Amino acid sequence: MVAKESEETLERGEPVPNVELPGTDGETYTLGDFADHDAVLLVFTCNHCPYAQAKMDLLNDVADEYDDVAVVGVNPNDAEEYPEDSFETMVEWVEEGRIRYDVYLRDESQTAAEAYGAVCTPDPFLLRNEGDTFTLAYHGRLDDALNPDDEPTEFYVRDAIDAVLAGEDVDLEFLPSRGCSIKWK
């Protein structure tokens, strides 16, 4: 397993691409569906990657802890090559409670991952609600645990969320996320 690291493709403070993707709950979502949240933590992730699995509890906790932040998982992986990343398995994991994000979306066409420049799972993007648009507030590591078996001691995502909720800029330099490469078709 070779880890891949995310790259800076979107600029902080710039509007982010809107997406329209189906969720495991049978609904279709765009960023506008989260207009009542102060922020959206959009995380390109999947089921099969050990790096993504290692961050599921953290993402579940963030979804539980922050009422003003929507945690949105987006799975862009090729499910034909990686059946564990199929929409059906995504639904199962949500129903079993393994994944408790606000929504878990399927990026079958991979256009959302391409638009954001996502390269690995997990690849998190924290979006600030500016009223009529969402802008990039933070892109990078969720925490300081670089490998699936490492225990984190610093949680960058919480620092970033706290700054956004306080109306401040995120004062974290870019630290690339690390995980399995997105499985492109």
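**Exercise 1. Determine how many residues of strand 4 are buried and which residues lie on each of its faces.**

Solution. Step 1: in this predicted model, strand 4 is mostly covered, with six of its six residues buried. Step 2: divide these residues by face. Ala39, Leu41 and Val43 lie on one side, while Val40, Leu42 and Phe44 lie on the other. Step 3: since every residue named is buried, both faces of strand 4 are covered.

**Exercise 2. State where strand 4 stands in its sheet, and identify which strands are at the edges.**

Solution. Step 1: write the order of the open sheet, which has five strands: 6-5-4-8-9, with mixed pairing. Step 2: find the strands with a single partner. These are strand 6 (103-106) and strand 9, which stand at the edges, so one side of each has no neighbour in the sheet. Step 3: add the geometry. From one strand to the next, the twist averages 25°.

**Exercise 3. Describe the pairing of strand 5 with strand 4 and with strand 6, and locate the helix that packs on strand 5 and strand 6.**

Solution. Step 1: strand 4 and strand 5 run parallel and are joined by six bridges; within this pair, Val43 is opposite Gly73 of strand 5. Step 2: strand 5 also pairs with strand 6 in the parallel sense, over four bridges. Here Asn75 has Arg106 of strand 6 as its bridge partner. Step 3: helix 2 (residues 87-96) packs on the sheet and touches both strand 5 and strand 6. The direction of helix 2 makes about 175° with that of strand 6.

**Exercise 4. Explain why helix 4 is described as largely enclosed, and name elements that cover its buried residues.**

Solution. Step 1: helix 4 spans residues 156-165, and seven of its ten residues are buried, so the rest of the structure largely encloses it. Step 2: the buried residues are Tyr156, Val157, Arg158, Ala160, Ile161, Ala163 and Val164. Step 3: the cover includes strand 4 (39-44), helix 1 (50-65), strand 5 (69-75), strand 8 (123-129) and strand 9 (134-139). Step 4: beyond the helix comes Gly167, whose phi is positive, near 75°.

**Exercise 5. Characterise the surroundings of Lys183: which side chain of opposite charge is nearest, and which backbone oxygen lies 3.2 Å from a polar atom of its side chain?**

Solution. Step 1: Lys183 belongs to the segment after strand 10 (178-181). Step 2: Lys183 is buried, and its nearest side chain of opposite charge, Asp85, is 7.8 Å away. A salt bridge requires a distance within 4 Å, and Lys183 has none. Step 3: the backbone oxygen at 3.2 Å from a polar side-chain atom of Lys183 is that of Ser181. Step 4: leaving aside residues up to four places away in sequence, Lys183 touches His48, Pro76, Asn77, Asp78, Tyr82 and Gln110.

Technical notes: Residues are numbered from 1 along each chain as its sequence is written. This is a predicted model: local features need pLDDT of at least 70, side-chain atom pairs count only at pLDDT 80 or more; totals for chains, interfaces and linings use all residues. Side-chain values use heavy atoms; hydrogens and water are left out. Helices (H or I, at least four residues) and strands (E, at least two) are DSSP runs, numbered from the N terminus. Buried means under 20% relative accessible area, exposed over 50%, partly exposed in between (1.4 Å probe, protein chains only). Lys and Arg count as positive and Asp and Glu as negative; His and the chain ends are not counted. A polar contact is a pair of N or O atoms within 3.5 Å; within protein, one must be able to donate a hydrogen and the other to accept it, and residues adjacent in sequence count only if both atoms are side-chain atoms. Contact means heavy atoms within 4.5 Å. Two strands pair if DSSP finds at least two bridges between them. Axes are lines fitted to C-alpha atoms, for helices over the stretch in contact, and angles run from 0 to 180 degrees between N-to-C directions.
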